[in-house]
Structure formats: structure tokens, C-alpha cells
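Hi,

Here is the structure I promised to pass on. Have a look at it first, and then read my notes below with the viewer open.

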Amino acid sequence: MADPYTRIAFTDGVRRLQEHYGTRIEHHDRERGDEQPARLGAREARFIAARDTFFMATVSETGWPYVQHRGGPPGFLKVLGATTLGYADFRGNLQYVSMGNLGHDGRVALFLIDFRQKLRLKVLGHARFVDLGQASTELVQQIDLGNYFAEVERAVLIEVAAFEWNCPRHITPRYTGDEVRALVEPLQARIAELERQLAARDRDGEVPGD
């Protein structure tokens with residue numbers, strides 16, 4: 001079955017470069033056969049649910065690409081179905097560049113990365129937004145983030161056209177504050193226990209347990 005990612009990403013110019021650099025044969029089989037739908041599976045859903053940030057590219061009316069960061073609590077980008085993503089769009093710098101671009105061209109590219117595990121997921125799709133005051137109750141509930149502090153202005157819905165797991169090479173591992181605390185807390189507890197034992201030895205003149 002043909003991968004929809006190749007249909008979108010492998011343009012004639014891309015194929016010519018694959019031929020030039022000798023990699024065309026590696027990708028040819030991915031384009032053969034009837035195209036299969038781009039359906040997010042359990043692996044993609046778990047990965048997306050764990051992310052607290054992603055980057056979204058749009059295209060302006062003058063043809064310029066534009067990339068915007070989107071962040072929130074883990075799982076703020078929600079898998080609403082096998083082919084649908086949605087997220088609450090917060091009030092930001094009031095420039096509305098990404099949303100203005102979507103009014104001209106709904107095509108988007110999302111880039112999600114897990115620095116700790118060195119994993120990357122690319123998603124291509126068609127996006128539209130709905131102002132919160134015009135959104136249905138069901139949609140508002142679907143994108144709800146509980147007591148998260150940000151002011152939500154709109155819901156953004158993305159129909160997934162294709163996705164691709166990306167090469168992990170050259171990703172420098174980085175850790176969030178929560179990830180660092182999870183790694184450090186057991187060490188801090190162990191240090192505190194050793195300090196307690198040393199204090200007891202100094203006090204009693206012997207090592208506890210001897």
C-alpha cells in the first residue's frame with residue numbers, strides 16, 4: 001500500500017534529487033500500490049499525548065513559510081480521532097500570523113519532538129479554526145484543559161493527511177524540569193539517607209548495622 005506521506009512530500013523535484021543522490025530505490029516501494037489512509041495508531045496517540053510543545057508551519061498569501069511554537073500542558077494537542085487532531089489556541093502576541101495564513105491556505109506541517117528519547121513525528125494536514133464563542137459545547141469539552149491558566153481564544157482542528165516518524169540522529173537529549181526532578185529525587189533521597197547514617201556514626205562512634 002502506498003504511503004500518503006510520499007504522495008505529498010515526494011514531489012518531482014524531490015524524486016530527482018533522490019535519483020541524483022542514489023536513494024530513490026530506498027523510497028520507491030513506499031509509493032507503490034493503492035494509497036492507504038493516514039490513520040493515527042496507538043503509538044502516535046501515546047506520543048502526542050505526552051507532548052507539551054510542538055511547532056506548526058503555515059504558508060502565507062505571499063508564499064512565505066511561517067513556523068510558530070505551540071505549548072501547553074502535556075496532552076494539550078489532542079487526538080480526537082484516527083484522522084483528527086485538535087488543540088486549544090491561546091491568546092498570545094496578538095499578531096495572528098498563523099491563523100491569518102490558515103484563512104488563505106489550510107495546509108499545515110506539525111513537528112513534534114521528544115528530546116529525552118530522541119524521537120520525532122511529522123504530521124501533514126489541513127487545519128481550520130473556530131472561535132471559542134462559536135464552537136459547539138462538544139468541541140469545547142474536547143479541547144478543555146481543566147484549570148490551565150491560559151486564555152483560550154479558539155479551537156484549531158487538523159485533518160491528518162500524512163505523518164512520518166523521523167530519523168533520531170543529531171538530536172541532543174534535553175530534559176524538562178519535571179523529568180530532571182524525577183531523575184534527581186531518588187538520588188537526593190539516597191544522599192539524605194547516607195548523611196543520616198554518617199551523622200549517626202559520628203554521634204555513636206559506630207556505623208549503623210555493624
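Let's start with E153, which counts as buried because its relative accessibility is 15% and the cut-off for buried is under 20%. Keep in mind that this is a predicted model. What does the side chain of E153 meet in a salt bridge? The partner is R91, with 2.7 Å from N to O. E153 sits in strand β7 while R91 is in the loop between β4 and α5 (97-104), so this contact ties together parts that are 62 residues apart in sequence. R91 itself is partly exposed, at 44% relative accessibility. The two also belong to a wider network of salt bridges, which links R70, D89, R91, D131, E153 and R154.

Now follow β7 itself. It is mostly covered, as 12 of its 15 residues are buried. Which way do β4 and β7 run relative to each other, parallel or antiparallel? They run antiparallel, and 7 bridges join them. F90 has V152 in β7 as its bridge partner. On to strand β6 (residues 119-131): this one pairs with β7 over 12 bridges, also in the antiparallel sense. Here you can find D131 standing opposite R154 in β7, and both of those residues are in the network I mentioned.

F90 is worth another click, since F90 and Y148 form an aromatic pair. Their rings are tilted, with 35 degrees between the planes and 5.6 Å from centre to centre. This pair links distant parts of the chain, 58 residues apart: F90 is in strand β4 (residues 84-90), and Y148 is in the loop between α6 (137-142) and β7 (152-166). F90 counts as buried at 18% relative accessibility, whereas Y148 is partly exposed at 27%.

How many aromatic pairs turn up in a search of the whole structure? The search finds 6. One of them is Y5 with F10, an edge-to-face pair with 75 degrees between the planes and 6.3 Å between the centres. Y5 is buried at 11% relative accessible area, and F10 is buried too, at 8%. Elsewhere, ring pairs join F54, F76 and Y87 into a cluster.

Rings also have charged neighbours here. R43 lies over the face of W165, 3.7 Å from the ring centre, and R51 lies over the face of F47 at 4.5 Å.

Back to salt bridges, of which the structure holds 16. One is between the side chains of D3 and R30, at 2.7 Å from N to O. D3 lies in the segment before α1 (4-9) and R30 in the loop between α3 (24-28) and α4 (42-50), so far along the chain that they are described as distant parts, 27 residues apart. D3 is buried, with a relative accessible area of 17%, and R30 is partly exposed at 23%. Another salt bridge joins D105 to R107, with the closest N and O atoms 2.7 Å apart; D105 is buried at 13%.

Finally, take a look at the surface. Y175, V180, L183 and V184 form a nonpolar patch there, with about 330 Å² of accessible area together. L183 belongs to helix α7 (residues 177-204).

Cheers

Notes:
Residues are numbered from 1 along each chain as its sequence is written. This is a predicted model: local features need pLDDT of at least 70, side-chain atom pairs count only at pLDDT 80 or more; totals for chains, interfaces and linings use all residues. Side-chain values use heavy atoms; hydrogens and water are left out. Patches are made of residues with over 30% relative accessible area and no salt bridge: like charges are joined within 9 Å, nonpolar side chains (Val, Leu, Ile, Met, Phe, Trp, Tyr) within 5 Å. Accessible areas come from the Shrake-Rupley method with a 1.4 Å probe; for residues, only the protein chains shown count as cover. A salt bridge is a side-chain nitrogen of Lys or Arg within 4 Å of a carboxyl oxygen of Asp or Glu. Helices (H or I, at least four residues) and strands (E, at least two) are DSSP runs, numbered from the N terminus. Rings of Phe, Tyr and Trp (its six-membered ring) pair if their centres lie within 6.5 Å; planes under 30 degrees apart count as stacked, over 60 as edge-to-face and the rest as tilted. Buried means under 20% relative accessible area, exposed over 50%, partly exposed in between (1.4 Å probe, protein chains only). A charge sits over a ring if NZ of Lys or CZ of Arg is within 6 Å of the ring centre and within 35 degrees of the ring normal. Two strands pair if DSSP finds at least two bridges between them.
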